[in-house]
Amino acid sequence: MKKYVCVVCGYIYDPEDGDPDNGVDPGTAFENIPEDWVCPLCGVGKDQFEEVK
Ligand SMILES: [Zn+2]
C-alpha cells in the first residue's frame, strides 16, 4: 500500500501503522480513511496529503 505525506508538516501516513489514536486501524489504505480525518500533527485535511513516490 502507498504511503502519503502531509505537505504542510511532513507527517507520513503509513498504511501498515494506520493512525489508531484517531480511529484509523492499522492496514487502512489512505483512500479508505474517513474524509473527516485530519493530520495528527498539524490538523490539515486529507486534501493536503500527497503520495510518497
Ligand atoms: Zn500535517
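# A zinc site and a three-stranded sheet

Cys6 is a buried residue, its relative accessible area being 2%. This residue is also one of the ligands of a zinc ion, which Cys6 (SG), Cys9 (SG), Cys39 (SG) and Cys42 (SG) coordinate at 2.3 Å. The structure described here is a predicted model, and its single kind of regular element is easily listed, since the chain has three strands and zero helices. The points below take up the zinc site, the sheet, the chain as a whole, and then several residues of the loops.

**The zinc site**

- The four donor atoms around the zinc ion make angles of 105 to 115 degrees with one another, and the site is tetrahedral; each of these angles falls inside the range of 85 to 135 degrees that this label requires.
- Read along the sequence, the donor residues of the zinc ion follow the spacing C-x2-C-x29-C-x2-C.
- Because Cys6 belongs to strand 1 while Cys39 sits in the loop between strand 2 and strand 3, this pair ties together parts of the chain that are 33 residues apart in sequence.
- Cys39 is buried, with a relative accessibility of 2%, and Cys6 is likewise buried at 2%; both values lie under the 20% that marks a residue as buried.

**The sheet**

- The elements of the chain run β-β-β when followed from the N terminus, and the three strands form an open sheet whose order is 2-1-3, with antiparallel pairing.
- Strand 2, which covers residues 12-13, and strand 3, which covers residues 49-51, are the edge strands, since each of them pairs on one side only.
- Strand 1, made up of residues 4-6, pairs with strand 2 in the antiparallel sense, and two bridges join them.
- Within this pairing, Val5 has Ile12 of strand 2 as its bridge partner.
- In general, the strands of a sheet are paired through hydrogen bonds of the backbone, and the pairing may be parallel or antiparallel.

**The chain as a whole**

- The radius of gyration of the chain is 10 Å, close to the 10 Å given by the globule rule for 53 residues, so the chain is as compact as a globular protein of that length.
- Along its principal axes, the C-alpha trace of the chain spans about 25 × 25 × 15 Å.
- Of the 53 residues in the chain, 34% count as buried, while the area that the chain exposes is about 3,400 Å², with 46% of it supplied by carbon and sulfur atoms.
- Among the contacts in the chain with a separation of 6 or more, 44% are between residues that stand 24 or more positions apart.

**The loop between strand 1 and strand 2**

- Val8 has its place in the loop between strand 1 and strand 2, and, leaving aside residues up to four places away in sequence, Val8 touches Cys42, Val44 and Gln48; of these, Cys42 is one of the residues that coordinate the zinc ion.
- Val8 and Asp47 are 39 residues apart in sequence, and their C-alpha atoms are 11 Å apart in space.

**The loop between strand 2 and strand 3**

- Gly43 is located in the loop between strand 2 and strand 3 and counts as partly exposed, with a relative accessibility of 43%.
- A separation of 9.5 Å lies between the C-alpha atoms of Gly43 and Val8, two residues that are 35 residues apart along the chain.
- Glu16 also lies in the loop between strand 2 and strand 3, where its relative accessibility of 66% makes it count as exposed.
- Not counting residues up to four places away in sequence, Glu16 touches Pro26 and Gly27; from C-alpha to C-alpha, Glu16 and Gly27 are 4.8 Å apart in space, although 11 residues separate them in sequence.
- Asp36 lies in the loop between strand 2 and strand 3 and is exposed, its relative accessible area being 66%.
- Asp36 and Lys46 are 10 residues apart in sequence, and the distance between their C-alpha atoms is 7.9 Å.

Key
Residues are numbered from 1 along each chain as its sequence is written. This is a predicted model: local features need pLDDT of at least 70, side-chain atom pairs count only at pLDDT 80 or more; totals for chains, interfaces and linings use all residues. Side-chain values use heavy atoms; hydrogens and water are left out. Two strands pair if DSSP finds at least two bridges between them. Helices (H or I, at least four residues) and strands (E, at least two) are DSSP runs, numbered from the N terminus. Donors are N, O and S atoms within 2.8 Å of the metal (3.2 Å for Na, K and Ca); water is not among the atoms, so sites may look incomplete. Four donors count as tetrahedral if all angles lie between 85 and 135 degrees; four count as square planar and six as octahedral if opposite donors are over 155 degrees apart and all others between 65 and 115; anything else is irregular. Buried means under 20% relative accessible area, exposed over 50%, partly exposed in between (1.4 Å probe, protein chains only). The radius of gyration is taken over C-alpha atoms; the globule rule is 2.2 Å times the number of residues to the power 0.38. Contact means heavy atoms within 4.5 Å. Accessible areas come from the Shrake-Rupley method with a 1.4 Å probe; for residues, only the protein chains shown count as cover.
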